Amino acid sequence: MSTSSDVAIDVEDLRMRYGATDVLKGVTFRAHRGEVLVMLGPNGAGKSTTLEILEGFRLRSSGRVEVLGSDPADADELWRARIGVVLQSWRDHGRWRVGELLDYLGSFYVPFGTAEHRRPWDVGGLMELVGLTDQAGSKISSLSGGQRRRMDVAIGIVGKPEVLFLDEPTAGFDPDARREFHDLVHRLADLDGTTILVTTHDLDEAEKLADRIVILGGGRIIADGSPDDLARTMPSDSEVRWSVDGSRSVHSTAQSARFVHDLFAQYGDRVVDLEVRRATLEDTYMSLVHDNASIDAARTVEAVTR
Ligand SMILES: Nc1ncnc2c1ncn2[C@@H]1O[C@H](COP(=O)(O)OP(=O)(O)OP(=O)(O)O)[C@@H](O)[C@H]1O
């Protein structure tokens, strides 16, 4: 059973209107302490808007929002010190050197440290953690795109945040850097109990990182569950592939276990290279987002023609 103290992010009926356009039409979700929550959704769905509201950078139109028990719209400096933010892009501090800037930014967190929760990160340890030790003395303007993004992450976590917001953090990462970053996210969540809300367009990344996934579509949360839960929500068929006597076959079925059983009953050891592919998160995502877009389009037509 979850208690309110387990809940790090609590959003209920969040609405956001830009001019005459409703971008968020009643968004409700929660994140528990130490949970990695991945938010998915097509371009323009309102993911960054949601994050900016939760970070206290943007005022919402209506709804209830609590992060670490406070409303971000009027939270104090102590609250801000407990929050870490990695925006989609930072382009500043070019003349600073990596180690110096982290040391300087970290110094702002010293008054907010406690015996149980020391702040900030030790700069050497932090650079090692994000893979920037070799760049400690480099100017930020000289970093590669991927190194710059690691620096963004280092800046986001220098104050040892309890809640961390990451807006498309791995854009521009090579596969190695991406994998290291995933390890870092798991480490922060599992060892330090950091609650992490990540947006990404990379469904493979979402599957690797998420304890839970929420999908934003048409201004609402259209799915909320673990990657496995979401894959199971699709009543789609599995794909069975196999070869018999050098001939390759494919069959779609909702009852893959029965089909495979029958296959072996018929061909025995002659069945080789057997593969059963269940619906993936990508299949689920595509289907949910497209279904939702059709429903939304139908609603719009209905409203216009009424
Ligand atoms: N300051 C603003 N004024 C007016 N409209 C805005 C503003 N910021 C965002 N929007 C609009 O709100 C919608 C949601 O934008 P948002 O950036 O939150 O989406 P997103 O899901 O993060 O998209 P992406 O995946 O492309 O980053 C878009 O249609 C965008 O044009």
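Here are some short exercises on this predicted model, each with a worked solution.

**Exercise 1. Describe the overall make-up of the protein chain: its elements, its extent and its buried share.**

Solution. Begin with secondary structure: the protein chain holds 10 helices and 12 strands. Next, take the extent along the principal axes, where the C-alpha atoms fill a box of roughly 70 × 60 × 40 Å. Then turn to burial: 32% of the 306 residues count as buried. Finally, look at how contacts span the sequence. Among those between residues at least 6 apart, 67% join residues at least 24 apart.

**Exercise 2. Find the domains of the protein chain and characterise the side of domain 1 that touches domain 2.**

Solution. Step one is the division itself: domain 1 covers 4–230 and domain 2 covers 233–305. Step two is the separation of their centres, which is 34 Å when taken over C-alpha atoms. Step three is the contact between them, where 13 residues of domain 1 meet 9 residues of domain 2. On the domain 1 side, the elements that give two or more residues are helix H7 (203–209), strand E8 (212–217), strand E9 (220–225) and helix H8 (227–233). Sorted by class, that side has 9 nonpolar, 2 polar and 2 charged residues.

**Exercise 3. Decide whether proline 227 is buried or exposed, and list its contacts.**

Solution. First place the residue: proline 227 lies in helix H8. Now count its surroundings. Proline 227 has 20 C-beta neighbours inside 10 Å, and so it counts as buried; the cut-off for buried is 20 or more. Setting aside neighbours within four places in sequence, its contacts are Glu207, Ala210, Ile213 and Leu281. For a sense of distance, try arginine 148, which is 79 residues away along the chain: the two C-alpha atoms are separated by 30 Å.

**Exercise 4. Work out where the largest nonpolar core lies with respect to the two domains.**

Solution. Start with the membership: this core has 61 residues, and those touching the most other members are Val36, Val38, Ala154, Ile196 and Leu197. Domain 1 (4–230) and domain 2 (233–305) both contribute residues, so the core lies between them. As a background reminder, nonpolar side chains in soluble globular proteins tend to be buried together. To see one member up close, take isoleucine 196. Not counting residues up to four places away in sequence, isoleucine 196 touches Val36, Leu164, Leu166, Val185, Leu188 and Ala189.

**Exercise 5. Trace how strand E10 pairs with E11 and with E12, using valine 240 as a guide.**

Solution. Take E11 to begin with. Strand E10 (residues 238–244) runs antiparallel to strand E11 (residues 247–253), and 7 bridges join them. Here valine 240 has histidine 251 as its bridge partner. The link between these strands is a hairpin with 2 residues between E10 and E11, and aspartate 245 in the turn has a positive phi of about 50°. Now take strand E12 (residues 271–277), which pairs with E10 in the antiparallel sense over 5 bridges. In E12, valine 240 is partnered by valine 276.

**Exercise 6. Which residues surround the ligand, and how do they divide by class?**

Solution. List the shell first: Tyr18, Val23, Gly41, Asn43, Gly44, Ala45, Gly46, Lys47, Ser48 and Thr49 are around the ligand. Then sort the shell, which gives 3 nonpolar, 6 polar and 1 charged. Last, ask which element gives the most: helix H1 (residues 47–55) does, with 3 residues.

**Exercise 7. Examine the backbone at proline 120, leucine 68 and glutamate 168.**

Solution. Recall the background: most residues other than glycine have a negative phi, and most peptide bonds are trans.

- Proline 120 is joined to arginine 119 by a cis peptide bond, with omega of about -5°. Proline 120 lies in the loop between helix H3 (98–107) and helix H4 (123–130).
- Leucine 68 has a positive phi near 50°. Its place is in the loop between strand E4 (62–67) and helix H2 (77–81). With 19 other C-beta atoms within 10 Å, leucine 68 is partly exposed.
- Glutamate 168 has a positive phi of about 45°. Glutamate 168 sits in the loop between strand E6 (163–167) and helix H6 (175–192). Glutamate 168 is partly exposed, with 19 other C-beta atoms within 10 Å.

Technical notes
Residues are numbered from 1 along each chain as its sequence is written. This is a predicted model: local features need pLDDT of at least 70, side-chain atom pairs count only at pLDDT 80 or more; totals for chains, interfaces and linings use all residues. A residue is near a molecule or strand if its C-beta atom, placed from the backbone, lies within 6 Å of it. Helices (H or I, at least four residues) and strands (E, at least two) are DSSP runs, numbered from the N terminus. Ala, Val, Leu, Ile, Met, Phe, Trp, Tyr, Cys and Pro count as nonpolar, Asp, Glu, Lys and Arg as charged, and the others, Gly among them, as polar. A nonpolar core is a set of buried Ala, Val, Leu, Ile, Met, Phe, Trp, Tyr and Cys residues joined through C-beta atoms within 7 Å. A residue is buried if 20 or more other C-beta atoms lie within 10 Å of its own, exposed if 12 or fewer, and partly exposed in between; C-beta atoms are placed from the backbone. Domain bounds come from an automatic or database domain assignment. Two residues are in contact if their C-beta atoms, placed from the backbone, lie within 7 Å. Two strands pair if DSSP finds at least two bridges between them.
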